[in-house]
Amino acid sequence: MLRFIVRRLLVTVPMVLVVVSLTWGLIRLAPGNFYTGEKPIPPAIVENLKAKYGLDKPWYVQYGRMISNTLHGDFGSSLKYQGQSVNTILKAALPVSATIGLLAYLLALTVGIVFGVLSALRQNSTLDYTSMAFAMIGISLPNFVLGPVLVLLLSLTWYMLPPALWGGGRHLILPVVTLSALYMAYIARLARSGMLEVLRSNYIRTARAKGLSEWQIITRHALRGGLLPVVSFSGPALAFLITGTVVVERIFALPGLGNYFINANLNRDEPLIIGIVAFISIVVLIFNLLVDIAYGFIDPRVRY
Amino acid sequence: MDNETIVGTSLWKDAWKRLRRNHLAVLGMWVVSAIVLASIVGPPLIRHYTGFTYDYIPSDPKLIKSFPPFRAPDGSFSLQHPMGTDVAGRDILARVLLGGRISLMVGIISTIVSLIIGTAFGATAGYAGGKIDEVMMRIVDVLYAIPYMMVVIVLLAFFGGQSALGQLFLLFVALGAVSWLTMARIVRGQVISLKNQEFVLAARATGVSTSKIIARHLVPNTLGPVIVYATLTVPSVMLLEAFLSFLGLGVQAPLASWGSLAADGIQNIALFPWQLIFPGLTMAITLFSLNFLGDGLRDALDPQMRKG
């Protein structure tokens, strides 16, 4: 077990470097530069800018510096946000994205599991049909449609919730609901099909034959196996959630990592892009590791 | 050989019978066909009857504004713009149908790209087995864990924007390249369970080469699950395309996709909600139907395979 964790943690470092290198390579291969804006800059100033950010050195020196920066967790200063280091921006933006993301994640897991399991236990009941119909809508409704429609109804028509911007409390409700809808739906479907499969299996029949109460069968035996698909989805779900966050932060104009990431791309702000990509990759990889460890605890068949 | 064909058709016939009994899947199939048909024949028809195209901006400056659905400029009922017009006075129906063409095209072509990469990769790994399989599948695991959409965003932001067609091509490749992973896993699993069966052994005994065994004997037998998964990949790729277009990184003007139309519509949501509602609703209905069709196909073709 410990060996497994150490080995996986060691793999994480080169993986982050691969992602970062890929991103860096894409940025460098692309035509244009951060100083090729609307207004032409005098060549002397371009030279100065290049010298300031070390862009006048050969590419392998720049690459080496970027890798070393990544390993030290210090990504230098942003090219467009004057006088701000990438780390300051990350520190400011992270709480926004993390709050929205985590709340959405928890909401999706709780509601998804509850409705998925209930649907499986009462298969073909009205509850089953309604929750699965809602799950299908959740999977098919893009969040950039759901979000604005919620804003239109709840904020602009009934004035119940603030339509956008970051302010904590009530400002969180719409973004979190918008972000979690898809994952909630997905998790409900996974939980339902997982539970249905387990409820038909032999060991549940044994448990019934043993004379256990239905409640004990479900909590002690069925949930463990039935929720395995949900557990294994919850790892990749985080990576997908980050994609969703980009859109949701855009809709609600939230100053989170996703919004900074898009702006950094439009501004060709290389250090900021590298910083965000590295940071998110580390978070996602560590989270996947945690999910794999949890999997080992839940599924007795898994051995490391 | 003859024998095999007969068995093959009866499997498909069986599946077809099961699919037809699933009313929701059949409905999904009809709706998808209707939307595909509408986006193919719709634009020329609208052009013929009303003269509107997706990029037709009226020359009369009084018409360059957003009219609600079914309203003529003087406020009376009119059939000219069933979905209204956008801020430039363009017919939204024509734009939604064009968006449908592009969104469906991106969905289908990217799925084909992912199908080719995923099947080749998964079949090779599954057939080779051992160390090669382990390394190849580790690569898939690693790629799974990467927030690849970030790399796609970088790719589109830095290389895109040259021309509308170039951007489309970039989208096909980028979306295809990131959505082949699950396909590779499914094909590998199938190939592993197939490769030890007698007909493969017979092929090997008669001296058929490895690449031919994979292409002729193994891949066709994985078709069922592959078709099912491909049907479900189309809506998910369309959703990704819509995300990217929504962020302004996907389809570029004057072309439009459902995502970019929704992004335009969101700007004026308080005043002209129909600019968001119609493209959004059309997209949601299409994805809904594709998902139902995919689910139905899965139950019909492979009752054992129950995922998601």
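**Helix packing and the A–B interface**

In this structure, which is a predicted model, H5(B) and H6(B) are roughly antiparallel to each other.

**Exercise 1.** Work out why H5(B) and H6(B) are described as roughly antiparallel, and establish which residues make the contact.

*Solution.* Begin with the geometry: the axes of H5(B), over residues 148–159, and of H6(B), over residues 164–178, come within 11 Å and cross at roughly 165°. Angles over 145 degrees count as roughly antiparallel, and the two helices are therefore placed in that class. The handedness of their crossing is right-handed. Turning to the residues, H5(B) contributes B:Tyr148, B:Val152, B:Leu155, B:Leu156 and B:Phe159, while H6(B) contributes B:Leu170, B:Ala174 and B:Val178. Sorted by class, this contact has 8 nonpolar residues, with no polar and no charged ones.

**Exercise 2.** Describe the side of chain A that touches chain B, by element and by class.

*Solution.* Start from the totals, in which 43 residues of chain A are in contact with 34 residues of chain B. Next, identify the elements of chain A that give two or more residues to this side, among them H1, H7 and H12; H10(A) gives the most, with 8 residues. Finally, divide the side by class, which yields 33 nonpolar, 7 polar and 3 charged residues.

**Exercise 3.** Locate A:Ile276 within the largest nonpolar core and list its contacts.

*Solution.* The core has 154 residues, and A:Ile276 is among those with the most contacts inside it, together with A:Ile187, A:Ala191, A:Val277 and B:Ala262. The largest share of this core, 17 residues, is supplied by H7(A). Leaving aside residues up to four places away in sequence, A:Ile276 touches A:Leu257, A:Tyr260, A:Phe261 and A:Ala264.

Key: Residues are numbered from 1 along each chain as its sequence is written. Chains are lettered from A and ligands numbered from 1 in the order in which they are written. This is a predicted model: local features need pLDDT of at least 70, side-chain atom pairs count only at pLDDT 80 or more; totals for chains, interfaces and linings use all residues. Two residues are in contact if their C-beta atoms, placed from the backbone, lie within 7 Å. Helices (H or I, at least four residues) and strands (E, at least two) are DSSP runs, numbered from the N terminus. Ala, Val, Leu, Ile, Met, Phe, Trp, Tyr, Cys and Pro count as nonpolar, Asp, Glu, Lys and Arg as charged, and the others, Gly among them, as polar. A nonpolar core is a set of buried Ala, Val, Leu, Ile, Met, Phe, Trp, Tyr and Cys residues joined through C-beta atoms within 7 Å. A residue is buried if 20 or more other C-beta atoms lie within 10 Å of its own, exposed if 12 or fewer, and partly exposed in between; C-beta atoms are placed from the backbone. Axes are lines fitted to C-alpha atoms, for helices over the stretch in contact, and angles run from 0 to 180 degrees between N-to-C directions. Angles under 35 degrees count as roughly parallel, over 145 as roughly antiparallel, 65 to 115 as roughly perpendicular and the rest as oblique. A crossing is left-handed if the near helix is turned anticlockwise from the far one by less than a right angle, and right-handed if clockwise.
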